Amino acid sequence: MHYSIYHYLSYPFCYKKLKIKRKEQKAAWESLFRKYLIMDDSPDIFKLFRHAAYEHDIKKDYDNWFWLSYMCLLLQYNQKSKADELLEQYTRGINGTKHIELFLPVAALAVSHGIKNRRIEMASAIFECLEKHRLEKTFEKLITGKTVAIVGNGPCETGLNKGLQIDDHDIVIRFNNFEINGYEKDYGSRTDIWIRGFAGTDVHDKTATERFLFAGISGNYLFYPLFSENQLNILWRDLVKNPITSSFVSCELYRSIHNTFHGEPSTGLASVYACLNMPVKQIDLYGFSYLQKQPDPYASHYFNDRNETEALKRSINHNFNDETLYLRRLLHGK
C-alpha cells in the first residue's frame, strides 16, 4: 500500500487513506522536489544536496528520507519554524522517530523538542561536537605554515627508499589501515594525523594517534545522512565518549571538489584537495596511484591486506582512473 506525499504530511490529522498508483506517487514526489529544491538562485552547496536528494530519496523511493533531508535544508535556510512543523508531522505520523538519528541536524532539533531515544540523543551530541570543531578549524591550524607529507596506501613507493624523506616533513598524514612496522624504509615511521573514512567497516581503530581527522560523510553532515550504525558508533566514541582532537573535510570543500571533479571523491582525494586549499608551506604526495606509470583501477595497498577481489569491492564507489587524471591536472596542470 502506498500513500500520497500529502497523506504523509497530514497523517494523523487526516485519516482518509488515499491509495494511488506508484506512477502517480512518483510524479507527486518529483513535483514537490522541483517546487522546493530546484531554485536557480540557490547556492552551489544546495545544488549538490539536491542531486543527492534526487538520487537517494526520490528515485529509490526513500520517502521518509526525503522529509528528513528536507528538514536539514530548511534548517540551513534558517527556516526553523517550518522545520519544527514538519518534524511534528513526521513524528506524529506513520514514521515516528524512524531514521532521525541518521540525520544529525534533525536529531538535534528533535532533542530540543523532547523527542528522544538513545540513538537520537547520541546523534544530537555528535552534531554539537561537529559544529564546535567546524568553527574551531582544527585541521587548518594543525598544518598551517608546515611542510606536509600525505602518504597514501598505494604500493608505488615500494623499493624507492623514501622513508627518511617522508619523516623529514613537519606533518605526516596517513590513511585508514596504514602500516608502519616493516615498511619504514619506503614509507617512513612517523604519523602526526590519521585520516579515516567511513565507507569501510574494516578500518582498524588507531585513535592512539595524537591527531585525528574525520573524513568522508561527516564533512557533509549538514545534509547527508549517516549510512550505517558503524558511522554513528564511531562518531560517538571519538567525539563524545572518549573525545580526541578531531576535524573533517568541510562541506564547502566537498562542494568545491564536486564542482570540478564529477564523482564521489575518495578519502585520499578529498584530503589532498583540503590541504591544497589551506596555507601550508609545502605538500608532497606519496603512495598515490597517480604517481604510477600504470595506475590501478582499484585501491590496492602496499601492506597487502586485500586481494584483488576485495580491493575491487571496496573501491566500487570511486573511479580511480578519473582521480588519477584529476590529481595530475590539479597538481601539475596536465
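**View 1. T147 meets its partner across two strands.** In this predicted model, T147 has Q282 of strand 5 as its bridge partner. Take a look at the wider pairing here: strand 1 (residues 147–151) and strand 5 run parallel and are joined by five bridges.

**View 2. Helix 13 lies on the sheet.** Residues 267–276 form helix 13, which packs on the sheet and touches strand 1, strand 2 (171–175), strand 3 and strand 5. The direction of helix 13 makes about 155° with that of strand 2.

**View 3. The whole sheet, strand by strand.** Here you can follow five strands in an open sheet, in the order 4-3-2-1-5, with parallel pairing. Strand 4 (211–214) and strand 5 (282–286) are at the edges and have a single partner strand each, so one side of each has no neighbour in the sheet. On average, neighbouring strands of the sheet are turned by 20° against each other, direction ignored.

**View 4. Strand 2 and its two partners.** Strand 2 pairs with strand 1 in the parallel sense over four bridges, and A149 stands opposite V172 of strand 2. Strand 2 is also joined to strand 3, in parallel, by three bridges; the bridge partner of R174 in strand 3 is W194.

**View 5. Both faces of strand 2 are covered.** In a regular strand, side chains alternate between the two faces of the sheet. On one side of strand 2 you will find I171, I173 and F175, on the other V172 and R174, and all are buried. Put as a count, five of the five residues of strand 2 are buried.

Key. Residues are numbered from 1 along each chain as its sequence is written. This is a predicted model: local features need pLDDT of at least 70, side-chain atom pairs count only at pLDDT 80 or more; totals for chains, interfaces and linings use all residues. Side-chain values use heavy atoms; hydrogens and water are left out. Two strands pair if DSSP finds at least two bridges between them. Axes are lines fitted to C-alpha atoms, for helices over the stretch in contact, and angles run from 0 to 180 degrees between N-to-C directions. Contact means heavy atoms within 4.5 Å. Buried means under 20% relative accessible area, exposed over 50%, partly exposed in between (1.4 Å probe, protein chains only).
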